[in-house]
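Please examine the sequence and the structure shown below before reading on. The report that follows describes how the parts are arranged.

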Number of protein chains: 2
Amino acid sequence: MENKPSKEDLAFDFDFLDKLIVGIGEVSDITGVPTRKIRYWEDKGIIHSSSESGKNRRFDYKNIKKILLLKELVDEGYTLEAASEKVSKRMEMINKALASLKKKADE
Amino acid sequence: MENKPSKEDLAFDFDFLDKLIVGIGEVSDITGVPTRKIRYWEDKGIIHSSSESGKNRRFDYKNIKKILLLKELVDEGYTLEAASEKVSKRMEMINKALASLKKKADE
DNA sequence: ACGCAATTGTAGATTATTTACAATAATTGT
DNA sequence: ACAATTATTGTAAATAATCTACAATTGCGT
């Protein structure tokens with residue numbers, strides 16, 4: 001552990017984002033989307049959570065990001081369907097970016 | 001919302017890290033430190049959480065990071081005290097890095 | 001008005017966290 | 001060896017947060 005500043009400190013903290021999991025209440029606070037609506041969107045199949053049966057929902061970085069993007073569009077007036085489609089495309093880019101950064105981190 | 005890749009996608013998602021809050025159970029899963037030990041470290045004043053009375057603990061990015069660093073050192077054999085001191089110095093760097101990146105984000 | 005999409009409300013059951021008191025290891029100094 | 005300190009863990013009872021499922025409501029286009 002060094003104690004001089006370095007970009008390793010956090011500039012690319014994917015390791016962290018990769019391990020990140022968050023409960024529904026916190027996701028609601030982070031995104032501003034009510035828990036009830038988050039569950040509704042999940043019912044519709046637009047977002048996903050790792051809900052092992054009998055346990056509470058857990059959301060990873062990608063799905064929190066997705067909720068943030070969905071909220072943006074839905075607030076603008078998009079239908080859920082249209083927003084979902086648009087966000088899916090955007091998520092492809094984000095997934096690619098994450099994958100390539102993860103690759104770099106492995107080197 | 002664009003749909004071509006860009007570094008804005010996530011290369012510096014401080015906005016996200018800044019808003020991030022996580023419950024104790026998830027922090028435990030992320031860091032590998034048992035909840036009981038997290039509470040103990042908080043009792044000792046080494047880490048902090050935003051616990052409004054009557055509500056459950058919430059941890060922000062900085063404190064989760066701190067727990068990860070503490071765990072590293074404690075597992076290596078450091079005393080809690082020594083680990084805490086070393087981590088505090090490291091956190092100064094991380095805080096600086098976060099602050100400067102936040103500044104950039106505001107431009 | 002009608003139909004549909006989107007959202008919200010809520011009750012009762014279940015899961016997770018909290019606090020507080022106590023017990024157990026491990027290490028260090030005398 | 002023994003006492004003292006540090007670090008950790010165990011647990012019970014109360015409280016907070018979440019779960020599911022059924023239902024109601026709102027808003028918008030036809």
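## Contacts with DNA strand D

A residue is near a molecule or strand if one of its heavy atoms lies within 4 Å of it. The model is predicted, so local features need pLDDT of at least 70 and side-chain atom pairs count only at pLDDT 80 or more, while totals for chains, interfaces and linings use all residues. Residues are numbered from 1 along each chain as its sequence is written, chains are lettered from A and ligands numbered from 1 in the order in which they are written, and side-chain values use heavy atoms, with hydrogens and water left out.

DNA strand D is surrounded by 17 residues, the closest being A:Gly25, A:Arg39, A:Arg57, B:Arg36 and B:Tyr40. Among the atoms of this strand within 4 Å of the protein, 69% belong to sugar or phosphate and the rest to bases. Helices (DSSP runs of H or I, at least four residues, numbered from the N terminus) contribute to this surface. Helices H2 (24-31) and H3 (35-43) of chain A, with H3 and H5 (80-106) of chain B, each supply at least two residues, and H3(B) gives the most, with four residues.

Several polar contacts, each a pair of N or O atoms within 3.5 Å, involve the phosphates of strand D. A polar backbone atom of A:Arg57 is 2.7 Å from a phosphate oxygen of DNA strand D. A polar backbone atom of B:Leu80 is 2.9 Å from a phosphate oxygen of DNA strand D, and a polar side-chain atom of B:Trp41 also lies 2.9 Å from a phosphate oxygen of this strand.

## Contacts with DNA strand C

Which residues come nearest to DNA strand C? Of the 17 residues around this strand, they are A:Arg36, A:Tyr40, A:Leu80, B:Gly25 and B:Arg57. H3(A) gives the most to the surface near DNA strand C, with four residues.

Here a base is contacted as well: a polar side-chain atom of A:Arg36 lies 2.3 Å from a base oxygen of DNA strand C. Phosphate oxygens of DNA strand C lie 2.8 Å from a polar backbone atom of A:Leu80 and 3.0 Å from a polar side-chain atom of B:Arg39.

## Helix H3 of chain B

In H3(B), residues B:Ile38, B:Trp41 and B:Glu42 are buried, where buried means under 20% relative accessible area, exposed over 50% and partly exposed in between (1.4 Å probe, protein chains only). Seen down the helix axis, the buried residues of H3(B) fall within an arc of 100 degrees, so they line one face of the helix; the arc is that of the directions from the helix axis to the C-beta atoms. The face turned away from the buried side carries the exposed residues B:Arg36 and B:Asp43. After H3(B) comes B:Gly45, with a positive phi near 85 degrees.

## Aromatic pairs between the chains

Rings of Phe, Tyr and Trp (its six-membered ring) pair if their centres lie within 6.5 Å; planes under 30 degrees apart count as stacked, over 60 as edge-to-face and the rest as tilted. By this rule there are two aromatic pairs over all chains. The rings of A:Phe16 and B:Tyr61 have centres 4.9 Å apart and planes at 85 degrees, so this pair is edge-to-face. A:Phe16 lies in helix H1 of chain A and B:Tyr61 in helix H4 of chain B, so the pair joins two chains. Both A:Phe16 and B:Tyr61 are buried.

A:Tyr61 and B:Phe16 form another edge-to-face pair, 4.9 Å centre to centre with 85 degrees between the planes. This pair crosses from helix H4 of chain A to helix H1 of chain B. A:Tyr61 is buried, with a relative accessible area of 2%, and B:Phe16 counts as buried at 1% relative accessibility.

Technical notes:
Polar contact = N/O pair within 3.5 Å; in protein donor to acceptor, adjacent residues only side chain to side chain.
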